Amino acid sequence: MTNVTTITGTAVGTAGRTAERRTAQAAVRVGALRKLSADELAAYERDGYVVVPGVFPPEELEEIDREIDRLLDEPGNDAGGIHPTWIFKIHQKSEMAARFAEDARLVALVADVVRPGLAIHSTKLVPKPPRSNDVCHWHQDEAFYFRPDDPETFSRTRMSVWVPLHSAHEQNGCLWVVPGSHKWGIDPYHMADTGQCRKVIDREAYANEHAIPLPVAAGSVVLFSAWTWHHSKNNATDTVRRAFIVSYQEGTLRKGAGEQWKLLVAAPGAPPSPASPVSPSQPSPVSGRTDTSYD
Ligand SMILES: O=C(O)CCC(=O)C(=O)O
């Protein structure tokens, strides 16, 4: 927060130039508390995502990375099963992670995107092990987050902040997105039997044709709508790629992913928050399968 270094543009790699054009500013102060600029907000609304450079100084990310190592050494934190070394609900497993999910810099960046008010829907640590073929299929987070049998889970502004703990690029499995896809509703999807993010949109071929990679330097973050089509490929490098993901939604909703919900900013005029708004896990709308429910 106090470390202020001046940098310019952040994206790396060939196709990253697109992201760079959209995010580069004359100069940004690393770690500065700021809202999205008018251009960044317009890009988010038009494309369904925006890359924001210089949000965290590297040493802060290194500290979080060490905390992840510590958490994975403790029994009960590794999600295991089809999500080995993922950590779900990470803000409830570590004070440092809780502070990170509520960090004033993230709250300020999403303030004009998520409204009215602000709440945590869920958090997770998503790793991509070294030399792994661990793909995350093309999907929309809303397919996991919105439960058609529960209208109270419907959100207009839900989104995620994707914080890579080290530089993310095409070789180690950066995010890929389809610009503008957040405006197309929830696309039909099917269940994959392997890989991660298994509620795979049916129009995978279309996604691959229109996708762009979002390589980002450590310290940059990606804001993307819960409706935006996204995925990530394998990690062909010798080091793990880790991303800390916080999903936020408007403060007027009283439910997130089960007990993970936490109100951060009350909507103007809203009644006081209930003490503990726990919502039970609901079955997945597809074939009653719950193994990818992200609860
Ligand atoms: O970090 C990644 O590789 C993608 C994770 C993701 O899209 C998700 O968990 O919904």
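Two residues are in contact if their C-beta atoms, placed from the backbone, lie within 7 Å. This report describes a predicted model, in which local features need pLDDT of at least 70 and side-chain atom pairs count only at pLDDT 80 or more, while totals for chains, interfaces and linings use all residues. Residues are numbered from 1 along each chain as its sequence is written.

**Overall organisation**

The protein chain holds seven helices and 15 strands; helices (H or I, at least four residues) and strands (E, at least two) are DSSP runs, numbered from the N terminus. Of its 295 residues, 44% are buried. A residue counts as buried if 20 or more other C-beta atoms lie within 10 Å of its own, as exposed if 12 or fewer do, and as partly exposed in between, with C-beta atoms placed from the backbone. Among contacts between residues at least 6 apart in sequence, 79% join residues at least 24 apart.

The predictor's confidence in each residue is given as pLDDT, from 0 to 100. Its mean over the protein chain is 87, and 82% of the residues reach 70 or more. Over residues 20–26 the pLDDT is below 50, and this stretch has 16 contacts beyond near neighbours in sequence. Residues 275–291 also stay under 50, with 26 contacts beyond four places in sequence.

**The nonpolar core**

A nonpolar core is a set of buried Ala, Val, Leu, Ile, Met, Phe, Trp, Tyr and Cys residues joined through C-beta atoms within 7 Å. The largest has 65 residues, of which Val 110, Val 222 and Leu 223 touch the most other members. Strand β5 gives the most to this core, with five residues. Not counting residues up to four places away in sequence, Leu 223 touches nine residues listed here by name: Tyr 44, Tyr 49, Val 50, Val 52, Leu 109, Val 110, Val 113, Met 159 and Val 161.

**Helix α2 and its surroundings**

In helix α2 (residues 38–47), the buried residues are Glu 40, Ala 43, Tyr 44 and Asp 47. Seen down the axis of α2, these residues fall within an arc of 100°, so they line one face of the helix; the arc is that of the directions from the helix axis to the C-beta atoms. Gly 48, with a positive phi near 85°, follows α2. Ser 37 is placed in the loop between β2 (28–29) and α2. Ser 37 and Asp 112 are 75 residues apart in sequence, yet 9.9 Å apart in space, C-alpha to C-alpha.

**The ligand shell**

Around the ligand stand Val 126, Lys 128, Cys 136, Asp 141, Gly 173, Cys 197, His 230, Ser 232, Ala 243 and Ile 245. A residue is near a molecule if its C-beta atom, placed from the backbone, lies within 6 Å of it. Strands β5 (118–128), β13 (230–232) and β14 (241–249) each supply at least two residues of this shell. By type, the shell comprises five nonpolar, three polar and two charged residues. Here Ala, Val, Leu, Ile, Met, Phe, Trp, Tyr, Cys and Pro count as nonpolar, Asp, Glu, Lys and Arg as charged, and the others, Gly among them, as polar.

**Backbone features**

Most residues other than glycine have a negative phi, and most peptide bonds are trans. The peptide bond from Arg 115 to Pro 116 is cis, with omega near 0°, and Pro 116 is found in the loop between α5 (104–110) and β5. Two non-glycine residues with positive phi are tabulated below.

| Residue | Phi | Loop | Other C-beta atoms within 10 Å |
|---|---|---|---|
| Thr 85 | about 65° | between α3 (58–73) and β4 (87–88) | 18, partly exposed |
| Lys 89 | about 55° | between β4 and α4 (95–101) | 18, partly exposed |
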